[in-house]
Amino acid sequence: MYKILLTFLIFGVFQCDKQEVNAEKGMAGEWRYVGTFNHTTDYTCYVCSDFDYEKSLYRLTFNDDKSYTAKINLLIGKGEYITSIENSENDQISGTFENLNLQILNKPYETEADSKFQWMFMEANNFVLSINYNGHGYDELILGSNNNEYLLFVRK
């Protein structure tokens, strides 16, 4: 009887030893905008000669505490977000994303492209986070919505 009880206890302790996946920790850090892509388009050539990591006009920095800062060309902003994980496989996590608020802290000149980026970022409701998924040397973050387009970011 005690052997059976001891076996269940040991099995239970090792069963609880599963590593917890945390989207906020995976997303933490500075992400640079690559472009807006359509779900029917293959974006794997974004590391082509026309993409320059250092010249990216849009940057998001996600923090572990579910807050972020944003540099949208000349605009500077901050906000909060929440995520929930739907799928976690190897080096890829996906789930829901909700941008709770985006506060613009300054009011410089805003281009049409800046406005579109803000709108798409606010509308994003899902994410895919890939760690060096395509072997390009970058981690990838896709923020998508129910429309056909999504925002692609990379992190070194």
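How many helices and strands does the secondary structure of the protein chain come to? The chain contains three helices and eight strands, where helices (H or I, at least four residues) and strands (E, at least two) are DSSP runs numbered from the N terminus. Along the sequence these elements follow the pattern α-α-β-β-β-β-β-α-β-β-β. The structure is a predicted model, in which local features need a pLDDT of at least 70 and side-chain atom pairs count only at pLDDT 80 or more, while totals for chains, interfaces and linings use all residues. Residues are numbered from 1 along each chain as its sequence is written, and side-chain values use heavy atoms, with hydrogens and water left out.

Confidence is expressed as pLDDT, the predictor's confidence in each residue, from 0 to 100. The protein chain averages a pLDDT of 83, and 78% of the residues score at least 70. Over residues 2-19, by contrast, the pLDDT is below 50, and this stretch has zero contacts in the model beyond near neighbours in sequence; a contact means heavy atoms within 4.5 Å. Where pLDDT is low, the predicted coordinates should not be read in detail.

Of the 156 residues in the protein chain, 37% count as buried. Here buried means under 20% relative accessible area, exposed means over 50%, and partly exposed lies in between (1.4 Å probe, protein chains only). The accessible surface of the chain comes to about 9700 Å², and carbon and sulfur atoms account for 53% of that surface; these areas come from the Shrake-Rupley method with a 1.4 Å probe, and for residues only the protein chains shown count as cover. Among contacts between residues at least 6 apart in sequence, 59% join residues at least 24 apart.

The pairing of strands was examined next, with two strands taken as paired if DSSP finds at least two bridges between them. Strand E1 (residues 29-38) runs antiparallel to E2, and four bridges join the two. Gly 29 of E1 has Phe 62 as its bridge partner in E2. Contacts of Gly 29, leaving aside neighbours within four places in sequence, are made with Leu 60, Thr 61 and Phe 62. The C-alpha atoms of Gly 29 and Leu 60 are separated by 8.1 Å, although these residues lie 31 residues apart along the chain. With a relative accessible area of 23%, Gly 29 is partly exposed.

In a regular strand the side chains alternate between the two faces of the sheet. Strand E2 (residues 58-62) has a covered face formed by Tyr 58, Leu 60 and Phe 62, whereas Arg 59 and Thr 61 make up the uncovered one. E2 also pairs with E3 in the antiparallel sense, over five bridges, and Phe 62 has Tyr 68 as its bridge partner in E3. These two strands form a hairpin with four residues between them, and Lys 66 in the turn has a positive phi of about 65°.

Two further hairpins follow along the chain. E3 and E4 run antiparallel and are joined by six bridges, with Ala 70 facing its bridge partner Gly 77 in E4. Two residues lie between these strands. Asn 73 occupies the loop between strand E3 (67-72) and strand E4 (75-89), and its phi is near 60°, a positive value in a residue other than glycine. E4 and E5 are likewise antiparallel, joined by twelve bridges, and Ile 85 stands opposite Gly 95 in E5. This hairpin also has two residues between its strands. Asn 90, in the loop between E4 and strand E5 (92-104), has a positive phi near 45°. The two asparagines contrast in their surroundings: Asn 73 is buried, with a relative accessible area of 18%, whereas Asn 90 counts as exposed at 83%.

The interior was described through nonpolar cores, each a set of buried Ala, Val, Leu, Ile, Met, Phe, Trp, Tyr and Cys residues joined through side-chain atoms within 4.5 Å. The largest has 25 residues, and those with the most contacts inside it are Phe 62, Phe 97, Phe 121, Phe 127, Leu 141, Leu 143 and Phe 153. A second, separate core of nine residues includes Phe 37, Tyr 53, Ile 142 and Leu 152. Leaving aside neighbours within four places in sequence, the contacts of Phe 62 include Trp 31, Tyr 81, Phe 97, Phe 121 and Leu 141.

Phe 121 is also among the buried residues of helix H3, together with Asp 114, Phe 117, Gln 118 and Met 120. Helix H3 (residues 112-123) has twelve residues and reaches 17 Å from its first C-alpha to its last, close to the 16 Å expected at 1.5 Å a residue; the expected span is 1.5 Å times one less than the number of residues.
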